[in-house]
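Please look over the chain shown here before reading on, and keep it open beside the text. The paragraphs that follow are meant to be read against it, place by place.

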Amino acid sequence: MQYNFNEIEAKWQKRWAAENTFQANSNSAQKKFYGLDMFPYPSGAGLHVGHPLGYIASDIVSRYKRHKGFNVLHPQGYDSFGLPAEQYAIQTGQHPATTTKTNIERYRQQLDRIGFSFDWSREVRTSNPDYYNWTQWIFIQLFNHYYCYTSNKAQPIAKLIDLFENEGNKHVNAASDEGVESFNSAEWKSFSSEKKEEILLHYRLTYLAETEVNWCPALGTVLANDEVVNGRSERGSHPVYKKKMKQWSMRISAYAERLLEDLDGLDWSESIKEAQRNWIGKSEGASVKFNVKDHDEVIEVFTTRPDTIFGVSFMTLAPELDLVQKITTSAQKEAVDAYIKASSLKSERDRMADVKTISGVFTGAYAIHPFTQQLIPIWIGDYVLAGYGTGAVMAVPSGDQRDFDFATHFNLPIPNVFEGVDVSKEAYSDKDNGVITNSDFLNGLKIKEEIDKAISAIEAKQIGKRHTNFRLRDAVFSRQRYWGEPFPVYYVNGLPRLIEAQYLPLVLPEIDEYLPTEDGAPPLGRAKKWAWNTSTNQVVSNDQIDEVTTFPIELNTMPGWAGSSWYMFRYMDPHNQDQMASQDALNYWQNVDLYIGGSEHATGHLLYSRFWTKFLYDINEIPVEEPFKKMINQGMILGESAFAYRIKETNKFVTQSKAKDFETDPIHVDVSMVNVSHQLDIQSFKKWRSEFATAEFITEKDGSFLVAREVEKMSKSKYNVINPDDICETYGADTLRMYEMFLGPIEQAKPWNTAGITGVHNFLRKLWKLYHNGEQFEVNNAAASKEAMKTLHKTIRKVTEDIENFSFNTSVSTFMIAVNELAKQKCNSKEVLEPLAILIAPFAPHIAEELWEKLGHNDSISTAPFPVYEDKYIVEEVKTYPISFNGKMRFTLDLSLDLAKEEIEKSVMNDERTKKQLAGRTPKKVIVVPGKIVNIVG
């Protein structure tokens with residue numbers, strides 16, 4: 001009987017869908033397992049073979065857990081708001097919702113074809129109003145809370161107002177903006193309602209403030225730091241500039257300590273945890289204030305080494321600080337302005353990473369040293385960031401290499417404050433050892449003593465205080481685009497008011513064009529009906545705005561990470577119209593047991609979702625503080641790109657073997673036009689792109705044209721994408737699933753090679769043949785041989801260990817060995833072949849289901865109990881002993897492992913082959929090591 005994989009796979013995919021085979025039950029008494037993949041964005045390109053890697057791994061574990069008796073939640077949905085759909089809308093005029101719907105349908109077809117055990121009844125889409133209703137609701141909760149450091153959790157803003165009413169803000173221990181004015185209760189009561197609201201915005205967990213952002217004119221929106229690479233947008237590679245704009249921000253910095261501390265309890269890779277630790281960036285030290293000569297301005301710096309304060313020889317400010325313009329002299333203004341403009345073209349990441357380039361400009365202003373009263377020149381340099389600390393650095397070139405390089409480059413003084421150390425060639429960078437000198441009251445002290453004494457002196461002079469600093473900045477939450485969640489906000493006298501939760505969702509309005517308006521407002525500025533009537537609590541036409549009952553609605557939308565920061569909880573109860581999820585569902589499912597996705601989200605999605613989870617926990621909406629217990633970061637499946645060499649300044653291409661004779665440019669070629677011998681289909685290439693239609697080709701002697709091959713990231717732009725649909729059509733989904741696992745460890749990057757897939761496909765054919773004799777299904781009820789049972793239980797043990805340890809590649813090898821052994825043993829016993837079908841079901845579910853049905857079962861194999869390993873089938877009963885004479889092995893002898901030493905010797909000596917070797921001689925001695933060797937000496 002033929003293995004008709006296309007027919008088999010279509011049959012079982014249809015049946016799983018019809019019978020809701022993988023639907024989870026939130027009211028189950030079973031143990032729960034929640035397996036989740038990172039939210040996919042449904043791009044127009046669809047899936048390539050690299051995308052399913054993590055999905056296959058999580059599906060194997062989810063199927064395995066069902067076999068082990070767990071109630072499994074394994075959902076899927078779409079992070080369906082996003083910039084690509086909006087860019088397509090700008091180009092074509094097609095509504096992003098239409099594009100997104102089409103893309104999702106394509107994704108769903110591809111996912112279904114690979115045979116994932118997703119519970120599609122729980123599908124969510126972040127762009128659906130019934131979903132973003134709750135994203136808007138969470139935003140409202142954030143707005144209505146502040147972070148109290150005393151209780152170390154979010155508290156209702158009403159509680160803060162009570163504190164202000166009773167005692168003002170002098171003793172409030174809360175996260176807030178820098179420089180909030182101090183007031184007592186009487187002053188608070190005297191403030192206007194507008195003034196009170198402005199003050200509260202300095203404390204709210206989501207707030208409106210003027211912020212320096214990454215502005216991309218080509219995309220017409222603000223980008224997050226992780227969306228900017230080398231001063232350009234990650235998508236489209238457009239220039240990005242620094243710009244100040246009034247933006248919504250999330251006070252994630254309030255949670256910095258908890259986000260840092262709780263990493264230790266997570267079962268994540270150390271590299272991801274370290275990336276978050278670095279991003280959060282905790283530092284302990286002191287804040288110190290320096291007065292500016294001839295100005296009322298004060299420069300506050302944060303330093304981890306206040307003990308080196310006497311080594312300060314200059315100060316460096318971030319170019320983007322407002323203070324720079326205030327203190328710059330007229331003589332230096334032109335140079336300073338030029339430098340500020342140049343630095344605005346660089347992303348913060350690039351500025352932090354570039355340690356080689358030394359650049360800066362003197363402002364012409366001087367600070368006054370708080371201890372010595374000496375004048376300190378104030379420079380600007382792009383290695384200082386406005387968002388880290390205070391945006392100002394007290395430069396100590398003798399103790400910091402970057403300050404040393406700056407001072408050397410610009411010929412600034414390098415006073416030495418380290419006893420017995422030469423700082424003429426490099427800074428003294430040892431942070432733990434050393435003795436301070438040339439530092440007045442700090443002379444002769446060791447570092448720990450120095451730091452404490454320096455901070456005490458700073459606090460005594462009231463020029464600063466002990467301080468803990470975090471690199472983590474508040475997250476800008478506004479985007480100047482259409483296709484995102486609308487903010488449930490309207491404005492009264494320029495101040496934000498929130499739409500009440502009962503009137504959500506606030507649905508995106510229709511607009512005629514998706515570009516910013518002519519006066520630079522976001523695309524929602526084009527909406528004709530985008531005002532809020534507070535009497536009817538409805539959206540009304542803009543021409544009804546009267547600033548009495550009807551007010552303008554926020555024009556920005558939320559960023560892409562809003563919907564993905566809490567989706568894991570919506571899957572628990574996706575159709576609940578009254579809550580983001582019921583308490584019963586939340587208490588049962590808790591959080592994600594296994595999360596699989598890419599490491600590129602370490603400081604974006606993973607950090608934001610942890611922040612929102614902790615906030616929702618604080619306000620008693622969810623029972624957990626972390627969203628993901630265990631996380632695995634799958635490696636990339638790389639593509640094998642093809643390059644044709646074009647001779648420079650011509651339209652002539654040269655075959656690879658002759659390319660060295662010319663000056664050439666490599667041109668990416670669509671891999672579908674290249675055969676396994678690396679030969680290019682020249683005619684297809686000419687038809688592919690119009691500029692190549694008249695191209696000439698210098699070929700090999702046999703007329704073939706060879707391309708170069710190189711392993712790169714699989715990408716549409718590199719024309720090296722392999723469509724999983726083609727693999728499923730040619731080899732089957734089960735082959736695709738097993739081959740992707742067979743390529744190597746899940747966490748590692750590995751190249752795709754379509755030629756290698758045939759080995760896995762042939763294995764599945766062998767597996768099918770094991771259950772058939774020609775055209776007949778042939779499995780009997782006879783007892784299995786000891787050898788077959790041994791093969792089975794070796795396989796059970798290894799596959800169980802592999803799945804538990806996520807070593808899927810070695811499982812595939814184990815299956816191959818097992819099928820080969822069972823075929824040699826001519827095993828057709830149900831006692832072995834039935835559990836074998838269950839073992840392979842998580843990896844190759846379609847063929848397993850078909851074999852299970854042929855074995856006489858009416859139900860799905862998906863919940864059949866996983867086979868249990870038994871030691872007794874592995875224990876060896878017979879040992880094949882090597883029989884040696886004077887250390888040289890002459891033959892082997894099978895003996896029972898139960899035999900005693902004397903019995904082993906007797907059996908060997910009575911063997912005819914021993915007698916022949918001895919030829920009548922009496923051996924000097926016989927060495928017997930039971931279970932290992934026999935050696936006859938003499």
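What follows moves from the chain as a whole to single residues, ring pairs, a pair of helices and some backbone details.

The model is a predicted one, and every value given below was computed from it. The protein chain has 938 residues, of which 53% count as buried, and its secondary structure comes to 29 helices and 36 strands. Along the principal axes, the C-alpha trace spans about 115 × 75 × 70 Å. Among the contacts between residues at least 6 apart in sequence, 70% join residues at least 24 apart, and several of the places described below can be read with that figure in mind.

A convenient starting point is Glu 86, which lies in helix α3, a helix that runs over residues 83–92. Is Glu 86 buried or exposed? With a relative accessible area of 2%, Glu 86 falls under the 20% limit and is therefore buried. What does Glu 86 touch, once its neighbours within four places in sequence are left aside? Its contacts are Pro 96, Arg 481, Tyr 482, Trp 483, Tyr 514 and Pro 523. With one of these residues, Tyr 482, there is a polar approach as well, since the side chain of Glu 86 reaches the backbone nitrogen of Tyr 482 at 2.7 Å. For orientation along the chain, the C-alpha atom of Glu 86 is separated by 9.6 Å from that of Thr 100, a residue 14 places away in sequence.

The aromatic side chains come next, and a search of the whole structure finds 67 aromatic pairs. In one of them, the ring centres of Tyr 55 and Phe 118 are 6.5 Å apart and the ring planes stand at 80°, so this pair is edge-to-face. The two rings come from distant parts of the chain, Tyr 55 from helix α2 (residues 52–67) and Phe 118 from the loop between α4 (96–114) and α5 (129–143), with their positions 63 residues apart in sequence. Both Tyr 55 and Phe 118 are buried.

Another pair, formed by Tyr 595 and Phe 628, is stacked, with 3.7 Å from centre to centre and 5° between the planes. This pair also links distant parts of the chain, for Tyr 595 belongs to strand β23 (residues 592–597) and Phe 628 to strand β24 (residues 628–633), and the two residues are 33 apart. Tyr 595 has a relative accessible area of 0% and is buried, and Phe 628, at 0% relative accessibility, counts as buried too.

Beyond single pairs, ring pairs link Phe 139, Phe 143, Trp 248, Phe 477, Phe 487, Trp 561, Tyr 608 and Trp 612 into a cluster. Rings also take part in arrangements with arginine: Arg 251 lies over the face of Tyr 207, at 4.0 Å from the ring centre, and Arg 689 lies over the face of Trp 688, at 5.0 Å from the ring centre.

Further along the chain, helix α24 (residues 786–804) and helix α25 (residues 808–824) have axes that come within 9 Å and cross at roughly 175°. At that angle, α24 is roughly antiparallel to α25. Which residues make the contact? On α24 they include Ala 788, Thr 791, Thr 795, Val 799 and Ile 803, while on α25 they include Phe 808, Ser 811, Phe 815, Ala 818 and Leu 822. Helix α25 also holds Asn 809, which is buried, with a relative accessible area of 17%. Apart from its neighbours within four places in sequence, Asn 809 is in contact with Met 741, Phe 742, Gly 744 and Pro 745.

The backbone itself deserves a last look. Most residues other than glycine have a negative phi, and most peptide bonds are trans. Against that background, a cis peptide bond joins Leu 504 and Pro 505, with omega at about 5°, and Pro 505 has its place in the loop between β19 (495–498) and β20 (531–533). Gln 373, in the loop between β13 (361–368) and β14 (375–380), has a positive phi near 65°. Asn 438 likewise has a positive phi, near 55°, and is found in the loop between α14 (401–409) and α15 (447–460). With a relative accessible area of 54%, Asn 438 is exposed.

Key. Residues numbered from 1 in each chain as written. Heavy atoms only, no water. Helix = DSSP H or I, 4+ residues; strand = E, 2+ residues; numbered from the N terminus. Buried < 20%, exposed > 50% of the residue type's maximum accessible area, 1.4 Å probe, protein only. Contact = heavy atoms within 4.5 Å. Polar contact = N/O pair within 3.5 Å; in protein donor to acceptor, adjacent residues only side chain to side chain. Phe/Tyr/Trp six-rings, centres within 6.5 Å; stacked < 30°, edge-to-face > 60°. Lys NZ or Arg CZ within 6 Å of the ring centre and 35° of its normal. Axes fitted to C-alpha atoms, helices over the stretch in contact; angles between N-to-C directions. Parallel < 35°, antiparallel > 145°, perpendicular 65-115°, else oblique.
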